[in-house]
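Biologist: Before I rely on the descriptive terms attached to this model, I should like each one justified. Shall we take them in turn?

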Amino acid sequence: MTMTKLVCPECRHENESERIYCHSCGARLDRSAVRVQKEPPDDTRKRVKRMFDPQRAKIRALFFAISKLVLGACGTAILILVVLPADVPPPAKTEILASQIRFDLEGMSSKRQPPQLQYSEEQANAFLGYTLRSKQSALDKPLLDFKRALVTFREKTCAFTTERSVFGYPVYATCIFSPSLNEGNLSAPIQGGTIGRLQIHPKIAQFMGILFADVWSALERDIKTVSKLGAMEFHDKNVVLTAPPA
């Protein structure tokens, strides 16, 4: 005679009929409420042997040990990719007056002159550095110092990167956008992103905009000016801006 499996009243774990305490949580099992059934002696011996088989315990312990090792290796690899510096251009060596570029953009948006402007990647990064330098105090956060922001132009896409410092170690966050202008509306869908050298899936990268919220706020005036233009085209290493139609 043997009993059916005992269901723990605390965690609902199904235990073998021979157990007095729950194998999962250790709670005492109520054996009186279990229905008694007949079982052939050979089946009973096999089941008890299987329950106390040391080989199964070794296999289970080995499985958990390997799982921990794999998870630890994956975590270490992710951490290494995050802290590795991103493949970004060096700081711009030339000083581009932000006031001159801003003056050209405002003239293009209001007076439609000049009809077209082209800026290189280096000019854009120098402009960002000059503009954000005066907003340094607003961009610095506790334990997170803002270093710089920079762009990388590719055909039809623009990668925007921020470099911040945590306890002196640089951390890079990059979002890849495909900006476009349509009747005064600037849209920039996110195509992907990276943290350090760790690639972020495009669906997850959609939520990375919060990492750049303070920089967008610091550049709000210039973003509004660009939104008034007619068109923008991104090419390798440069961007072409077109005045709005008359």
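Modeller: Certainly; please bear in mind that the model is a predicted one. Let us begin with Ile 66, which is partly exposed at a relative accessible area of 46%.

Biologist: Why is Ile 66 called partly exposed?

Modeller: The relative accessible area of Ile 66 is 46%. Buried requires a value under 20% and exposed a value over 50%, so Ile 66, at 46%, counts as partly exposed. Ile 66 belongs to helix α2, residues 54-83.

Biologist: Which residues form a nonpolar patch on the surface with Ile 66?

Modeller: Leu 62 and Val 70 join Ile 66 in that patch, and together the three have about 270 Å² of accessible area. Residues in a patch must have over 30% relative accessible area; Ile 66 has 46%, so Ile 66 satisfies that requirement.

Biologist: What makes Asn 238 buried?

Modeller: Its relative accessible area is 16%. The limit for buried is under 20%, and therefore Asn 238 is classed as buried. Asn 238 is in strand β14, residues 238-242.

Biologist: Which residues are in contact with Asn 238, leaving aside neighbours within four places in sequence?

Modeller: They are Gln 118, Tyr 119, Ser 120, Glu 121, Phe 153 and Glu 233. In addition, the side chain of Asn 238 reaches the backbone oxygen of Asp 236 at 3.2 Å. A polar contact requires N or O atoms within 3.5 Å, so the distance of 3.2 Å meets that limit.

Biologist: How is Lys 237 classed, and why?

Modeller: Lys 237 has 43% relative accessibility, a value between the limits of 20% and 50%, and so counts as partly exposed. Lys 237 lies in the loop between β13 and β14. Its phi is near 75°, a positive value in a residue other than glycine.

Biologist: What is the phi of Arg 112, and where is this residue placed?

Modeller: Phi of Arg 112 is near 60°, again positive in a residue other than glycine, and Arg 112 is in the loop between α3 and β5. Its relative accessible area is 34%, between 20% and 50%, so Arg 112 is partly exposed. Pro 114 is also in the loop between α3 and β5, and a cis peptide bond with omega about -5° joins Gln 113 and Pro 114.

Biologist: How many residues has the largest nonpolar core?

Modeller: It has 37 residues; Leu 105, Leu 132, Phe 160, Val 215 and Leu 241 have the most contacts inside it. A second, separate core of five residues includes Leu 6, Cys 22, Ala 27 and Leu 29.

How values were computed:
Residues are numbered from 1 along each chain as its sequence is written. This is a predicted model: local features need pLDDT of at least 70, side-chain atom pairs count only at pLDDT 80 or more; totals for chains, interfaces and linings use all residues. Side-chain values use heavy atoms; hydrogens and water are left out. Helices (H or I, at least four residues) and strands (E, at least two) are DSSP runs, numbered from the N terminus. Buried means under 20% relative accessible area, exposed over 50%, partly exposed in between (1.4 Å probe, protein chains only). A polar contact is a pair of N or O atoms within 3.5 Å; within protein, one must be able to donate a hydrogen and the other to accept it, and residues adjacent in sequence count only if both atoms are side-chain atoms. Contact means heavy atoms within 4.5 Å. A nonpolar core is a set of buried Ala, Val, Leu, Ile, Met, Phe, Trp, Tyr and Cys residues joined through side-chain atoms within 4.5 Å. Patches are made of residues with over 30% relative accessible area and no salt bridge: like charges are joined within 9 Å, nonpolar side chains (Val, Leu, Ile, Met, Phe, Trp, Tyr) within 5 Å. Accessible areas come from the Shrake-Rupley method with a 1.4 Å probe; for residues, only the protein chains shown count as cover. A salt bridge is a side-chain nitrogen of Lys or Arg within 4 Å of a carboxyl oxygen of Asp or Glu.
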